[in-house]
Amino acid sequence: MKKILIINLFFAILLAACTEPIELDLNTDDNVRLVVDALLTTETKAHLVKLNLTRDYFKEGVPDAAEGAAVTLSDGTTTETLTELTPGNYFTSEDYSGEENKTYTLRIEYGGEVYTSTSTLTPVAPIDNISYEFQEALEEDEEDYYILYGSFQEPAEEGQNYLWKLKVNGEYVTPNVIDWAFTSDEFVNGSYAEDVEFFDFEAEIGDTVTFEQFSISTEVLDNFTAILLETEFRGGLFDGAPANVPSNVDGGAVG
């Protein structure tokens, strides 16, 4: 018994000796970066470019908005100047729409720096069919829900990338990248995607459900994937070292 107590005490002292607090300087005023969140589509509407600033990892609350920036969107022929309607939220005119196969450049002047991002608006495959299936809740404390299915022909050309979102009564039930569905055509190129299960959602009779399918660039797909790898898919014993998420915005911004 004495030997066991001595051994246990030895390990307790050894473990205590290996503990040392480490102060991390994760984000000072010298390395704050601009965060760009923007999506241009062929829809005719006021398109949003949202600008925020990075902040310390352990700092609570919402990120600070990047106010007072000069934001333009150009297709090489015409230039649209965006208006800041609320702090950090910059909008095009309400009749603005992107055109397929055109290349657009987003230019942002903020804090004495210039940031740019260039991307081509590629066509997206049309959706042939949307269906849903009602599912009763398995537990008393759960809600009934629906499963949404979609079908479309994937084009024969390689290199297509897709993003899917879902709205109920005009509000996204998939508000951020964690809830979105996205993929490349690497394993399904040229195939017919029939009754693919996309989303589970809750709704009532009479609700309006909107399913959205987007074409995105490889850079955007890589950005979304990296965000999940550094957040939702992290925490295992054999995870690699954390890394910065790639961006398709030049000048040192992220997003």
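Reader: I would like to start with a charge and a ring. Over the face of which residue does K165 lie?

Author: Over the face of Y172, with 5.3 Å to the ring centre. Please keep in mind from the start that this is a predicted model.

Reader: Thanks! Now to rings that meet other rings. By what is a pair of aromatic rings described?

Author: Two things describe such a pair: the distance of the centres and the angle of the planes. In this structure there are eleven aromatic pairs. Take Y146 and F201: their ring centres are 5.7 Å apart and their planes stand at 20°, so this pair is stacked. Y146 belongs to strand β10 (residues 145–153) and F201 to strand β14 (residues 192–201), so the pair ties together parts that are 55 residues apart in sequence.

Reader: Are Y146 and F201 buried or exposed?

Author: Both are buried. Now compare W164 and F198, with centres 4.8 Å apart and planes at 50°, so that pair counts as tilted. W164 sits in strand β11 and F198 in strand β14, so here the parts tied together are 34 residues apart in sequence. W164 is buried, at a relative accessible area of 6%, and F198 is buried too, at 14%.

Reader: Which residues do ring pairs link into a cluster?

Author: The cluster is made of F152, Y162, W164, F198, F199 and F211. You have just met W164 and F198 as a tilted pair.

Reader: Let us move to the nonpolar core. How many residues does the largest one have, and which have the most contacts inside it?

Author: It has 19 residues, and the ones with the most contacts inside it are L34, V36, V49, L51, V71 and I108. To place this core along the chain, look at the strands: β1 (34–38), β2 (48–53), β3 (70–74) and β7 (103–110) each supply at least two of its residues. Another core, of 15 residues, lies apart from it, and Y146, A181, F199 and F211 are among its members.

Reader: Could we zoom in on L51? Which residues does L51 touch, not counting those up to four places away in sequence?

Author: L51 touches L34, V35, V36, A65, A66, A69, V71, G88, Y90 and I108. Among them, L34, V36, V71 and I108 appear in the list of core residues with the most contacts.

Reader: I also noticed S74. Where is S74 found?

Author: S74 is found in strand β3. Its relative accessibility is 18%, so S74 counts as buried. A polar atom of the S74 side chain lies 3.1 Å from the backbone nitrogen of G76. Setting aside neighbours within four places in sequence, S74 is in contact with T79, T103, Y104 and T105.

Reader: Next, salt bridges. How many are there?

Author: The count is six salt bridges. One of them joins K45 and E43, whose closest N and O atoms are 3.3 Å apart. K45 has a relative accessible area of 32% and is partly exposed; E43, at 35%, is partly exposed as well. Another joins R234 and E230, at 3.4 Å from N to O. R234 counts as partly exposed at 28%, and so does E230 at 24%.

Reader: Which residues do salt bridges that share partners join into one network?

Author: D75, E99 and K102 form that network. Within it, the side chains of K102 and E99 meet at 3.5 Å, N to O. K102 is partly exposed at 27%, as is E99 at 43%.

Reader: My last topic is the backbone angle phi. What sign does phi have in most residues other than glycine?

Author: In most of them phi is negative. N101 departs from this pattern: it is not a glycine, yet its phi is positive, at about 70°. N101 is placed in the loop between β6 (89–91) and β7. Its relative accessibility of 56% is over the 50% cut-off, so N101 counts as exposed.

Reader: And N169: what is its phi near, and where is it found?

Author: Phi of N169 is near 55°, again positive in a residue other than glycine. N169 is found in the loop between β11 (161–168) and β12 (171–172). With a relative accessible area of 45%, N169 is partly exposed.

Notes: Residues numbered from 1 in each chain as written. Predicted model: local features only at pLDDT ≥ 70, side-chain atom pairs only at ≥ 80, totals over all residues. Heavy atoms only, no water. Core = buried A, V, L, I, M, F, W, Y, C linked by side-chain atoms within 4.5 Å. Buried < 20%, exposed > 50% of the residue type's maximum accessible area, 1.4 Å probe, protein only. Helix = DSSP H or I, 4+ residues; strand = E, 2+ residues; numbered from the N terminus. Contact = heavy atoms within 4.5 Å. Polar contact = N/O pair within 3.5 Å; in protein donor to acceptor, adjacent residues only side chain to side chain. Salt bridge = Lys/Arg side-chain N within 4 Å of Asp/Glu carboxyl O. Phe/Tyr/Trp six-rings, centres within 6.5 Å; stacked < 30°, edge-to-face > 60°. Lys NZ or Arg CZ within 6 Å of the ring centre and 35° of its normal.
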